[in-house]
Structure formats: C-alpha cells, structure tokens
Amino acid sequence: MAGPLPSPRHPYSPTFPRMSRSRTDFDHQGVVPEPTPAELGRLFHEEQRQMFLTPGLRVSESYVLQEISPYRPRQPPDEPPIDTRPWNDREGPPVDESSWFRLFRRDRWLSIHDQIPGIEPSLVADVDDPVFWGEFRKCIDLANRMLDQALNHEWLLSFLTRSTHRPEPNVELFLDGIGPPSKPRTIHRVIPLDQYGEEERKNAEAVLDSMTDLIAWGFYADVVRPQAIGTTYGCADSRYCSKGTKRYFTLLNLRLLSRLYQGEGEGVFDDPKHYQTQVLVAQVILHELMHAISGCLAYEKRTSELVEENKYDHELFYNDERGAEAGRSFEMSFFGSCCYQTSMSQPDFQGHNVVLGKQGAFNFMGKGLSGWYIKDNEKDIRGHVDTFDMLGIPGAATAAMASRDFWDVHVRRHGKEALRMVGVTKAETLSSTSLNRRAIIVKAARIAGADERTTGWQAMDDSVDQLVEALRLRRLHLKQARPWYPAAYHQWSMTPYVDTTAASSVDELRRCGIPVSNNWEDLHKLREAADTLLLMYRWDGNFGVPRILELNRTPQLVFWGAVGMLTMATIPSTGGTFTCKKPVKPTRNEVKDLTHGRSCSLDQKCTPWINESVRGSFDRKHSATTYTHTKHSKERSFHMAEVLANMWKVRGVVPTELASEYDLAAQIHRSRLESRPADDFWDAFVFRVPMYTATFLGRDTNGSSVQVSQESDLPADAVAMSGVVSAPMEVARVRYFTPGEIGDRQRIGEGVKWVLRAVDDEEEVEVYRAADKLKKDWTKETRARYMLPGPELAPFGWMVRRDTTGGGNEHVMGDAIGRAMIPRRPEDVRLNDGSNGRPKWIEVISDVYDVTNIELPPDMSELEQILRYSVSINPVSEAINDGWDPRMVLEQLRPYKIGWTKNSIDSVRRKDRVFTANEVRWHAFRETGMFLIINGKVYDFTEYCDLHPGGSAILEEWAGLDATTQWNQAHGNNDSAFGLYPPPAVVLEKLCIGRVVPEQHEKNAILKSQIKLGCYVFSYDNTSGDFKRYADQNLQQHRGASHSNTTTFERSAVPTELATLWENPDCIVAKAVPDLPGMEVNILKLMNGEETDKTFQESYICDGEFVYNMTSFIRYSTHPPEGLIDALKAAAGRVLGNNGTDPRLKQYLCDRCRYRRIARLEKPSHAHTLANLDKGIQARDFGSEGLDTTDFFVFENVFDQSEVAQRHAHV
C-alpha cells in the first residue's frame, strides 16, 4: 500500500511533470512547457541530488522500483496454476528457534529497557517481552537462514579455516574506510580456498560453534552512535575474559528496529508486513557477526607471528583487500551489495542500502563493488580512485527474500546463489578516496541486461521483467513530456552548479560564517566548511600546503576552489591548538544499561564492561575535541582566490549571475580585508549561490547537438556531481512616489512642482509634472485655486480639482511620471494574488508591495523566486524561514512599495530611552536613523520621513538637531496645511522614543542624592510612589556611590537591590562619557577617505588636538554648505594646519562637529589605545612571478605567517 507523497518542497518530489497521488503516472499528459531558467536550475539540482540518493535514477523513475504489489507473478498460458499473490502479501517462513545456531539463540541476547523510537504505545527491547521478541525473532530467523547458506560460501569458509591465514608485513591500511592510509602494519590475510566441500563446512561449523561463548548480542540507543545501524565492541580485559581470549558484543541500533513495530501503512512504502526491514536487520546482524568472527580469529594471531610494534590484530583481511571492514567485505562477496552506515533519518550520501519510511524515496538499493581498496593500485595512494556500480535493487526482490516461497523454492533449488542480490539498474560510480566522502560522481543508471538481472527463479524473473517494462515506459513518458530537457541539462551541467554538494556547502558557510562568539569552535566550523569546497586539493597532513590537481579536467571545481580560498580570507589567521566542546544531550547517565533477562544465560561479569564501553562511545561523541590549526595568510588566500576565479573564467562555462555574485563578494571582502588593521579579525562570509539564469559569458554553451541516451531523457554523458536556481525578467515597471517625495515638490516657493490626479475607473493616483508656468507661481493662492488636499485620513499630496480639469488639464498638468503611494485595503491585497492575470501584491508589516515583475540583484535571485512565485499568503515569512535576513528582504522590497494598509506611525514605541544631544547628532541620515529633538524629547522620523505630507526634505535638514523652533512654527497651533486628523501633536507623540539628558565626564563626582551605574546617573530625588518607598528602605546606603566607571556594564554584577533602578529609567538624570583614546598620526594618515569605484576609506580629520570621524557626514549629507564636502575630503587623513582653508575648517569642526571626536592625537610614544593598529604593514598585491599556470602548479607558504591589511576600506 502506497504511503503519502513527499511534501511539494521535498527534494524527492518529482516536478515537471509531477506524479499523480498514487505515484503510478504523471499528473500531466502531453508535452510539459519548458520551465523558466530558474525552475530549470531547481529541477536539475533536485534531480542531481536524487541521482545520488537513488543510484543513478530520478525519483520519478525510482518509484517504479519501489512498488511491490503490481509486480506479482503472471499466470503463464496453458500452464498449471501458480501462486500469483503479491510478494508483500505472502506468509513468511516458519520460525523454529531450536534450529538456530547457538550464537543466535535467545539466551545470547541482552535486553535494554530503552524505548524503541517512534512506537506508540511505548515498547522496549526486552527479549522476554513476547511483543518485542515475537517480531524481532523473524529477523534473527532470516539471519540464521542466511548464515546457513554462507557456510557454503568461499568467503566464510576461508575465514573459518585457520590454515588459510597468512601474515603479511608492511601493508598500508585504510582503517577508517577512506584515505589517507595508516603507517605500514603487519596483518593476517585470508587466502581464498581453491576447493571446498562438506568437510570444510563441518570444520567451519565447529569453529563457529566454539566462538559462541565469545559472542553476545544486544542493543543501544540512537544517541550513542546515531550514524551507525550496528556496532561491535571487543573486550580482552583479563578481569572479564579468560586468558588468551577476547569477547565481542555486537549491538543493534534501536532506531533500526522501529519499523518492525509500526502499524500497516506506517512502515516502508508498499511493504505493510515490513519484509524489507526484516531483510535489512538480518543483513546487519550478519555484518556485525563477521566483525566479531574476524576479530576473534585475528586476536589468536597476536603473538610471535606479528611484529609487536606494527601489528594489527583487530581484523583479518580477505584476499588482497586493505580496508579494515570484514562486515562490508562479507556483504559484497556474499550478497553483492552492502548496507554500510545506513542513516536512520535519510539515505547515506554514498547511497548504500537505503530503507526509507514515509518519505518513500527508495526501498532498497545496493552498491556493487569490484574489490575494496585493491593493493598496488596504479594511482598515488592519496589519489586512489574506486570505480563501482551502484545497483537498483527492486523492492519486490527484497520483500520476496522474507517470504516462505523464497526459501522453500528458490533457495532449495539454487542454494547460496539465491541470496545474491541482483540489480535491475546499474549506475557506474567514481569515488576518490583522497578527498572527503562527498567526492563522488554517479552516472545515469542503465537498465541491466537480461543476463545481468536473471535470478534463476521464474516467478521472480517474471516480476523483474514487468518492472523493467514499467521503467522503460516511465522513461519514455519522461522523454515525450520533456523534449527540452537534454539540451537544457547539458548547458547547466557544464557550469559549477553541477557540483550540488559544493553549492549546498555555501549555506553552511553562511550559517557559521557570521562571527558571534569569536571563539575557536566557530573558526573550526568555518575551516571545515571551506575544506568541503576545496575538493580539488589534497592535504599534506594539515591545512598547510594545498596542491591544485588537474585544473583542466574539472573547471567547475576550480570555481569552488576560489570560493573556498575566499572563505579562508575571511576567517582569523590565528593558529594553535584548541579544544572544541560538544553539547551533551542527553547526559551519559541517561544512557540505559544492557541487562540480563530471564532467558539470558550469559556470564554476568562482562556486563559492567560492555555498559561502560557503550557510555564511552557516547562520551567520545559528545566530549571535547582537540584540533590544531596552522596560521594562514588572509592576504595570500585572497590572492589565490583571484587566480582560481580568473582561471575558471578563462577555461570554464561562466554563468553571468555566478560571475557577478563572486566578483561582488570578492570586492566586499577585499574592502573588509583593508578596513581592519589586524589579520586575526572575523569577516562575515557574504557569497551566496545565485539562481540559475541560463545566460553565460563568452563561451558557447549551445546544447542542440547533445547526444541523448536511448533509455532516458538525460544526455548520454550525464553525471551527478553533487544546488540552487532563478531568472530575472526585463520588464518595465511604474514608479511609485512616497508622500514625502510628493510633498517636497508641492511646498510653497519656486522650483519643479508635481500635481496629482485620480485615475478614472481605478483606485490609483497618477503623478504629473506641473505646467512650466507654475514653477514660479506656486503660491498658497495658486495651489488652492487648482488643488485640494488628498483624503483627510490618508493624505498623500495635493490633488488636481475635478471641477477645473474638464478639457483644461494642460494648464496645470505636464508629463505623467508615475503614481502615488496610497492606502490599500486588505481585501485588495488578498485579491491581487498573481493569478488569472492579476498583479501580485504582498503585505509586509502593513506595507504593500507589487512584486509582479520584481527584479533583484543576481545574489538575491533565490529570494526573487520566492517573492515572485510562492503561493503562500506570506512569501516574506517563507523567505525568512529559508534563512534570509529580514532586514535584507525589506531593503530589497523598498523600490516596489505601492502603499500601506496601516501607517507605520501607529506602531507602539518605547519612550523611556535616554540620549545625550551629541548621541542624537550621529543619527542625522536615513542610513544611520533620523532622530530629532523637540521640546527635550527624542523622536524617530526614519520611517515617517517618507509619509510626511509636508515633504521629507525639511525632516532631513533638521535630523540630528533640536527642531523645537521649526516645529512650533509649522505646527505650534496643532494644525497643518492638510487639516490632519489626528492632529500633528498626536502623530508626534507616536514617534517619541525617549528624552535628552545632559552628559558629564566619567570622572566627575556625583551628588550625594545620585547613584551611578555604568554610564548612567540616577537621581534619588526623582523617585516617587512605590519605588520611592522601596528606595527609602533599600537604596539609602548607595546614595552618592559609583558602581561602575566603564563603558560596558554587566547587569548581573549589579547588587540585587540596585537592579530595580534599571526598571525606573525616569530616574536617570545624566550620562557619563569617558576620556577619548589616543591615536598615532600614522593611523590617521591611513584614514584619508580615498575612494575607488567600489571601495572607500574612512575619513578621519585632525584639528591638531582631536581626531574627527567624518565618514558618514561626507557620504550621506544631502544639503551641506557649498564646498564643505570637498574641503572635508581634501583634509581626510591629515592634521589641519594654518594655511589656506584649514583654519576655517578647524573652526567648523570645533563649532559644529564636536560630537564626532573619536580620539586625541598622540605622539607614538604616548599612544595607548590605537597605536598597535600599525604593525607589519605589507603591500597587498602579489605578482605572478613564480606561478606556473599550466595544469599543475603549487602555491607555497599560504599558511605560514600573519599579515596586516594595508588600509581601512568600506564598500
């Protein structure tokens, strides 16, 4: 029975076309229209991911292999009746525990009173519980049957025949399954038997039986080893084991067993009796058993036959293998596939046996491997490459393995060969063991030939033939539905987007690349994420000397190498050894013990040892880890990134949006590198993978001549390397003007004027330039003659009077230039949802935006797709949930604002903040916030500036200053030219955010009636009501006391009774300011305001005594006195003298800019705060001398020293 479909956004959900609810066909018949480039990018990315997880298949294809019920054996014509029931509906083999090998029997199993995850009502792994044991014994019975057949197989017979064991010295091993290899060891190899028969089997059975007392079974919770489905512990401690023996405990992950106890429809897709899970558990049991057998036999060889200092006595090695993995070796030899490290929550990246539940991505698949780590491979040991087939094993075949018919018919006839899993499809796979586990290339799966997929069992072969027919038909439907696919895919696959693992790794850089705690843990996370991108490098033992490999072979990887090096340029260059602490949840005390049940006959003296070993595994996973990092040069890392990026642009296919995003990110990081004086600062990583647009720079990417596979719509050379997607549209849009912009053009006086007119039959207001004759005749009388104010409750400017426009609009109206932002009704926003030709409006925090034709920069293309195409009511919320910064989203939406449903001034603001007048003066621009002082209170006009009917310019002019006089002149009588309701005073009160208090020097003594906490001075005299009574009782002893003289104050350090002062800010009467730090003149010289087309320096100016930071004033001032900005720019980075304009500029700084003083000028010998900024300054540019730009070249000394950026700079 089919389970529920994956969610629409799930990467396993087929798209273009989508599958029907039953998954038996597509929900679209005929040709699917070619998607936009953005949708193509997302489609290719998701299908690449699917090819990794379902070996070489897309999910729409793999659904065919998942189904079990449709592929029941067919009744042959003119033949005796046969059993045609579905494989998942047949009875299983009878369970006879007395026939089991002794090592499998119930008395060899320990219990654990830990709940099996996801089972309701709760169930624990208690072998004495009939509910638990009744289902679990079916798995053991299958394992027992499989072991019985394995005793006829060369692999196990050779292992259990001691005469085949041979010592071999100086072998480089792969102890962790991947490179690099260990130092040379002496091992014991198992030489395969040339001949074997009944005698060898009897001897093997005897050896196996002798191991029964050395092997025990049990279970462990997922928190101990969540990525493993089984584990084996060996104990040779003489306190628990007889001399010369080693005992093994093989344990199964409880999460692996959870599917055995799920109700019908809750387990594996189309497998209500959980036959596939039973087969998987049995296979895991045998996998762990082979580890125990190999360990027992290897331990016997630990004496004089092995060189003591270089021995390896944990495993035996079959034939010429070098991987310490007896379990995997057995599975590959006996079953033809393996289930190594199957993840419980999602498929393992490498695509070994995968069993999924409700998501139903795939039932069962295997990995066919021709040898594991072949000895004396031609390639360098660190560049060793394995080629193997990933097998698509149908669900029907694995479900059949748990049926009685399989054992009574197929196994009885064919013996051990019946258990060899046969793949219906095969995907050739290439993996590099020198890199990380993600360095894999998977080719598109081909359908196995008739001779490759024959099982020898007519009933199963008939089912497999039906499955192959269905798969070919599914692929044919895909071909017919997507004629555009091959050429578009070929084009996309030539770009860096094809490496979906690297593209996805950028998200990890974004998450951990924002420095919060400035600690070693963050540094290590960043370096690990960067390492994922540096896939073309191999490391000489540390992060020290990377070497670039075969750049011509994979130009896509060169790009990600550039991104990886750019990452290294953003993280601190501090080196050393440090410890990363891991959170411990749950604690080790919550890890349950293995216990002896009534049925268990194991020796209890070993139980404490295995329980402590399990906790030890938990401790190692959650304990602190020590890492050592070598110092690297941020400057040289950046230079390497530039070299690699340029190489990619010359040799690769370059999407325009990707090149633009990288160049912009590189420029930002370049400027930040220069804006910091030291080499150990954090820099938030800004590069993001933009959406795919199918536009390219330079190189022809025409895919019209692509060879298409005869089997599927994929190009013949298609591979899955390891995403993201989008496309901007060139569409003209109407500009909407704010009431503030309109008000500036309607103020009394000369100049260009605008007039407004309602659009007939529409609830819109158009903006026109006023006729030329009104430029000099815009008086109150003229304005009143032709105009009238907009709606009282929502003023947005002066409207042309209807009674004066009939046939005479040309007198007051010129060209139309746009429309006015006006109030919008919520029901209109809901109606305009982008469907049926309507525009798409969205509401965000009461503002309304028209995103029908929104166009964002390339680095925001993913956000653009969400805003434009999302069907959710609130796409902005969806974008934020996807990780986008809310401030960034709102900033990008700003040009598309068309109105509001509710004025922002209606929001509630806290009014108890305190500022000094100098602090308010820093908030003089939109970029820094626009604060005004009126009658001693501070008001935030930042948002209301655009809504002010009187224009935004008047507010910008007085931002940061005391505008009490101007307010009284305009609204002293609480009225306005628009007759506003509510009155101006009510609006003003809504904008209040605090009040102004005087400032005093930090070292000044306070009055006896005051209390100083940090930089705040509280007055005891301002207390009243209940707080005064509390102060009288508890604060008397603190009067006149200063509890902090620092600029930072830890609230937790405040005495308990004083903490209440923070809840009564009305008592604050002043703020203390500290002494200015010193600055050396050589630092001042660097702050010269120098600009390029992309960057600018900060602008510091010294009047001979004080240093002023004039950066924001120079960059953001809108109406400065004539010539002032030029004079400030010319003075940036130097000490003003007594010639030319310097005296007047010194006077201006002293009179107008005292609040911008940031330091005192000090001689080098006296500087104490900022002097250490200038140390070891070196040239930032590196030439190409010494760089070999052929296919192979080396960058040396990238991580050998700390450097200092040459200049401060901003973007």
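## Helix 33 and its cover

The buried residues of helix 33 are covered by, among others, strand 42 (1100-1102), strand 43 (1106-1109), helix 31 and helix 32; contact here means heavy atoms within 4.5 Å. Helices (H or I, at least four residues) and strands (E, at least two) are DSSP runs, numbered from the N terminus. Helix 33 itself takes in residues 1142-1152, and its buried members are Asp 1142, Leu 1145, Tyr 1148 and Leu 1149. Those residues cover an arc of only 120° around the axis, which puts them on the same side of helix 33. The arc is taken over the directions from the helix axis to the C-beta atoms. As for burial, buried means under 20% relative accessible area, exposed over 50%, and partly exposed in between (1.4 Å probe, protein chains only).

Some ground rules before going on. This is a predicted model, where local features need pLDDT of at least 70 and side-chain atom pairs count only at pLDDT 80 or more, while totals for chains, interfaces and linings use all residues. Residues are numbered from 1 along each chain as its sequence is written, and side-chain values use heavy atoms, with hydrogens and water left out.

## The whole chain

Zooming out, the chain has 33 helices and 44 strands. It runs to 1211 residues, and 53% of them count as buried. About 52900 Å² of the chain is exposed, with carbon and sulfur atoms supplying 48% of that area. Accessible areas come from the Shrake-Rupley method with a 1.4 Å probe, and for residues only the protein chains shown count as cover.

## Helix 5, two sides

Helix 5 covers residues 198-210, and its length checks out: at 1.5 Å a residue its 13 residues should span 18 Å, and the end C-alpha atoms are indeed 18 Å apart. (The expected span is 1.5 Å times one less than the number of residues.) Arg 201, Ala 204, Val 207 and Leu 208 are its buried residues. Looking down the axis of helix 5, you find them within an arc of 125°, so they line one face of the helix.

What do the buried residues of helix 5 pack against? The partners are helix 3 (130-150), helix 4 (154-159) and helix 7 (275-300). Flip to the other side of helix 5 and you get Glu 198, Glu 199 and Lys 202, which are exposed.

## Rings with rings

A pair of aromatic rings is described by the distance of the centres and the angle of the planes. The rule used here: rings of Phe, Tyr and Trp (its six-membered ring) pair if their centres lie within 6.5 Å, with planes under 30 degrees apart counted as stacked, over 60 as edge-to-face and the rest as tilted. That rule gives 38 aromatic pairs. Take Phe 132 and Phe 136: their ring centres are 5.4 Å apart and their planes are at 20°, so the pair is stacked. Both residues lie in helix 3, 4 residues apart, or about one turn of the helix, and both are buried.

Phe 330 and Phe 335 make an edge-to-face aromatic pair, at 6.0 Å centre to centre with 85° between the planes. Phe 330 and Phe 335 are buried too. Back at Phe 132 and Phe 136, ring pairs link these two into a cluster with Trp 100, Phe 104, Trp 109, Trp 133, Trp 217, Phe 219 and Tyr 261.

## Charges over rings

Two arginines are worth a click. Arg 90 has its charged end over the ring of Trp 87, 4.1 Å from the centre, and Arg 745 lies over the face of Trp 754, 4.9 Å from the ring centre. To qualify, NZ of Lys or CZ of Arg must be within 6 Å of the ring centre and within 35 degrees of the ring normal.

## Backbone oddities

The peptide bond from Phe 16 to Pro 17 is cis, with omega near 0°; Pro 17 sits in the segment before helix 1 (37-53). His 274 is not a glycine, yet its phi is positive, at about 60°. His 274 belongs to the loop between helix 6 (254-257) and helix 7, and with 5% relative accessibility it counts as buried.

Asn 935 also has a positive phi, near 55°, in the loop between strand 34 (929-934) and strand 35 (937-940). Is Asn 935 buried or exposed? At 51% relative accessibility, Asn 935 counts as exposed.

## Loops that meet distant sequence

Glu 321 is in the loop between strand 8 (317-318) and helix 8 (326-334), and it is buried at 12% relative accessible area. Glu 321 and Val 190 are 131 residues apart in sequence, with 9.7 Å between their C-alpha atoms.

Pro 1120 falls in the loop between helix 31 (1111-1116) and helix 32 (1124-1131) and is partly exposed, at 28% relative accessible area. Its C-alpha is 9.3 Å from that of Glu 957, 163 residues away along the chain.
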